[in-house]
Amino acid sequence: MEDSKLHEDLASIRNMMERSSKFISLSGLSGIMAGIYALIGAVLAYKTLYEPSKYTFGYEPQAGNPYLQTGVWEELIFSPTILQLLFIAFGVLFAALLTGYALTARKAKKHGQALWGKTSKALLFQMATPLLTGGFLIIILISRGYLGVVSPACLAFYGLALVGASAYTFTDIRYLGICEIILAILAAAFPGYGLLFWAFGFGVLHIVYGSLMHLKYDR
Amino acid sequence: MKVDFSKLDKAFENRVRLQIMSVLMVNESYDFTSLKDLLDVTDGNLASNLKALEKEEYITIHKSFVGKKPNTNYQASAKGKKAFTDHLNALEQLIKQQKK
């Protein structure tokens, strides 16, 4: 047994430990794309909220801050503004998931790591728990008219999901999660600027993080 | 340069066995199919190496059913974990000596 065998042994130990417990095929590019979709969504949402006559078929929201609870919830939840915002939100989510799936599948193939294996399942379960909890909570709160909590709650639950997920993929994702949580707290502290914080957290941060990951791991 | 290879564990001379133990060190348990996908080896190769590790009592086998499909899970035993750690330490020593 010579020197090179020792080093090969160590490299294979390290490789197996990482690949068996972490899903390292997440694509950095998909982060960048998700960020771009989020920014487009935020611009559309902004227009829906602040120039409603142009974009919501003449519907005018009640006077005052559109983030705060107004009127009874039946009136609110079925208002064209809210429906349009929900439509934009789900559009962004769907586009981001689809792109993420396609790019990650491509990278997994290149790495020879199973797209639907032990590690990706663990990662998905870890993320789904806080995300579904947050998702249902937010939808119920919207239906009660608590629109001001949407942005901070989205950021907070997403941040927690990322911090949890860092055990099952690149550890760097933890820092993205912590940034999202800090933004969530700021968004809660400054009501009325929710959309701005949301756009920064889901748009700008994703683009920055995605670019860093792309440079670090995808090449 | 005096290098002592005697401290290296013979059971881990085989690369597949070394890799199996690496996986079981960082995961509570791992099933046969996932191991096969990860290591990219044939059924027969994996099975014979698992058997060798089992014979050394380095791993334990847990058979169960998922629906109607048999599912075999493997876990590192305390003895196996110690053997692997000792092997790693021996590797480290060897590499340090060779650098001198």
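This is a short dialogue about a predicted model.

Student: What makes up chain A, helices or strands?

Tutor: Chain A has nine helices and zero strands. From the N terminus on, its elements read α-α-α-α-α-α-α-α-α.

Student: How many of the residues of chain A count as buried?

Tutor: The share is 40% of 219 residues. Buried means under 20% relative accessible area, so these residues fall below that cut-off.

Student: Why is the group with Phe12(B) and Ile20(B) called a nonpolar core?

Tutor: A nonpolar core takes buried residues of kinds such as Phe, Ile, Met and Leu, joined through side-chain atoms within 4.5 Å. The largest such core has 31 residues, and Phe12(B), Ile20(B), Met21(B), Leu35(B), Leu39(B), Leu46(B) and Leu50(B) touch the most other members. Therefore the name fits.

Student: Which element of chain A supplies at least two residues of this core?

Tutor: Helix H1 (3–21) of chain A does. Chain B brings several elements, including strand S3 (69–76) and helix H4 (78–99).

Student: What is Leu39(B) in contact with, leaving aside its neighbours within four places in sequence?

Tutor: Its partners are Met16(A), Val16(B), Gln19(B), Ile20(B), Val23(B) and Leu46(B). Contact means heavy atoms within 4.5 Å, so each partner meets that limit.

Student: Which residues lie nearest the centre of the second largest pocket?

Tutor: They are Ala114(A), Gly117(A), Lys118(A), Ser34(B) and Asp37(B). The lining has 15 residues. H2(B) gives the largest share, four residues.

Student: How does that lining divide by class?

Tutor: It has four nonpolar, six polar and five charged residues. Lys and Asp count as charged, so Lys118(A) and Asp37(B) belong to the charged class.

Definitions and conventions: Residues are numbered from 1 along each chain as its sequence is written. Chains are lettered from A and ligands numbered from 1 in the order in which they are written. This is a predicted model: local features need pLDDT of at least 70, side-chain atom pairs count only at pLDDT 80 or more; totals for chains, interfaces and linings use all residues. Side-chain values use heavy atoms; hydrogens and water are left out. Buried means under 20% relative accessible area, exposed over 50%, partly exposed in between (1.4 Å probe, protein chains only). On a 1 Å grid over the protein atoms alone, a cavity is a set of points where a 1.4 Å probe fits but cannot get out, and a pocket is an open set with protein on both sides within 12 Å along at least five of seven lines; lining residues have an atom within 4 Å of a point.
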